[in-house]
Amino acid sequence: MRKATLLIAIALALGLGTAAAAVAQAPSAADESLFREAKLLVFDKSWEAALVKIDELVDRFPSSPLAGQALFYKGECLSSLGREREALRAYKAYVKLDDAKPSLVEESEGSIVDLAFDLYRAGDASALRDIESRLDAPNKVVRYYAAYKLSLVPDKKLAAKAAP
């Protein structure tokens with residue numbers, strides 16, 4: 001009897017712990033509202049205003065589950081503003097998150113490849129490392145896109161790395 005009671009108590013404790021963790025991970029109305037405002041500004045291509053909202057979200061709610069996604073949108077804003085290196089950092093930070101959405105990871109990886117290629121064309125040969133490192137990506141779309149972009153490099157020795 002004690003054993004059954006103990007098992008029930010443990011099961012309840014685990015269930016409540018899981019429920020508490022879910023509540024702790026749920027966004028509040030305030031961070032959800034900021035995130036929604038930031039996304040609308042991104043969709044309206046109001047990059048600077050969106051960045052302000054994104055930074056406010058991350059500053060006020062650093063442990064919000066939406067703070068990670070905000071990194072992706074920060075990359076979008078920075079990229080559109082021509083701030084390639086900052087955008088690259090934002091996208092790279094996003095893809096490293098444990099709770100990153102697979103579709104946004106794929107989009108981030110594609111943006112990393114594009115930004116790295118642009119930086120290479122602007123004279124930063126070291127930017128190609130970001131493309132080369134994606135040739136081994138687990139995502140086939142990312143691998144193929146990295147290979148395609150690398151094949152466009154005028155240095156044929158480097159471009160040959162794109163060949164299967």
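Helices here are DSSP runs of H or I with at least four residues, numbered from the N terminus. By that rule Pro102 is found in helix α6. The model is a predicted one.

**Whole chain**

Start with the whole chain in cartoon view, coloured by secondary structure. The chain has 9 helices and 0 strands, so read from the N terminus its elements are α-α-α-α-α-α-α-α-α. Switch to a surface coloured by accessibility: of the 164 residues, 35% are buried. For a contact map, take pairs of residues at least 6 apart in sequence; 49% of those contacts join residues at least 24 apart.

**The nonpolar core**

Next, select Leu57, Cys77, Ile131 and Leu150. In the largest nonpolar core, which has 39 residues, these four touch the most other members. The elements that supply two or more residues to this core are α2 (29-43), α3 (47-60), α4 (65-80), α5 (84-95), α6 (102-121), α7 (128-132) and α8 (140-151). The greatest contribution comes from α6, which gives 8 residues. As background, nonpolar side chains in soluble globular proteins tend to be buried together.

Keep Leu57 selected and show what surrounds it. Which residues does Leu57 touch, not counting those up to four places away in sequence? They are Asp31, Leu34, Phe35, Pro62, Leu66 and Ala70.

**α5 against α6**

Hide everything except α5 and α6. Their axes come within 9 Å and cross at roughly 150°. Angles over 145 degrees count as roughly antiparallel, and α5 and α6 are therefore roughly antiparallel to each other. The crossing of this pair is left-handed. To display the contact, pick Glu84, Arg85, Ala87, Leu88, Tyr91, Lys92, Tyr94 and Val95 on α5, then Leu104, Val105, Ser108, Glu109, Ser111, Ile112, Leu115, Ala116 and Leu119 on α6. Coloured by residue class, the contact of α5 with α6 divides into 11 nonpolar, 2 polar and 4 charged residues.

Now centre on Leu88, which belongs to helix α5. Leu88 has a relative accessible area of 8% and is buried. Outside its neighbours within four places in sequence, Leu88 is in contact with Ile112, Leu115, Ala116, Leu119 and Asp130. Draw a distance from the C-alpha atom of Leu88 to that of Asp114: the separation is 9.6 Å, for residues 26 apart along the chain.

**Asp130**

Follow the contact from Leu88 to Asp130. Asp130 is part of helix α7. Is Asp130 buried or exposed? Its relative accessibility is 15%, and the cut-off for buried is under 20%, so Asp130 counts as buried. Setting aside residues within four places in sequence, Asp130 contacts Leu88, Lys92, Ile112 and Ala116.

**α4 against α6**

Hide α5 and bring up α4 beside α6. These two helices pack at an angle of about 30°, with their axes 11 Å apart. Because angles under 35 degrees count as roughly parallel, α4 is roughly parallel to α6. Their crossing is left-handed. Select Gln69, Phe72, Glu76 and Ser79 on α4, together with Leu104, Glu107, Ser108, Ser111 and Leu115 on α6; these residues make the contact. By class, the contact of α4 with α6 splits into 3 nonpolar, 4 polar and 2 charged residues.

**Lys149**

Move to helix α8 and pick Lys149. Lys149 has a relative accessible area of 13% and is buried. Which residues does Lys149 touch, apart from those up to four places away in sequence? The list is Val113, Asp114 and Phe117. Asp114 is also the far end of the distance drawn from Leu88.

**Two exposed residues**

Return to Pro102 in helix α6. With a relative accessible area of 68%, Pro102 is exposed. Add a C-alpha distance from Pro102 to Asn139: the two residues are 37 apart along the chain, and the distance is 9.7 Å.

Last, select Lys45 in the loop between α2 and α3. Its relative accessible area is 60%, and Lys45 is exposed. Check the backbone torsions at this point. What is the sign of phi at Lys45? It is positive, at about 60°, although Lys45 is not a glycine. For comparison, most residues other than glycine have a negative phi.

Key. Residues are numbered from 1 along each chain as its sequence is written. This is a predicted model: local features need pLDDT of at least 70, side-chain atom pairs count only at pLDDT 80 or more; totals for chains, interfaces and linings use all residues. Side-chain values use heavy atoms; hydrogens and water are left out. A nonpolar core is a set of buried Ala, Val, Leu, Ile, Met, Phe, Trp, Tyr and Cys residues joined through side-chain atoms within 4.5 Å. Buried means under 20% relative accessible area, exposed over 50%, partly exposed in between (1.4 Å probe, protein chains only). Contact means heavy atoms within 4.5 Å. Axes are lines fitted to C-alpha atoms, for helices over the stretch in contact, and angles run from 0 to 180 degrees between N-to-C directions. Angles under 35 degrees count as roughly parallel, over 145 as roughly antiparallel, 65 to 115 as roughly perpendicular and the rest as oblique. A crossing is left-handed if the near helix is turned anticlockwise from the far one by less than a right angle, and right-handed if clockwise. Ala, Val, Leu, Ile, Met, Phe, Trp, Tyr, Cys and Pro count as nonpolar, Asp, Glu, Lys and Arg as charged, and the others, Gly among them, as polar.
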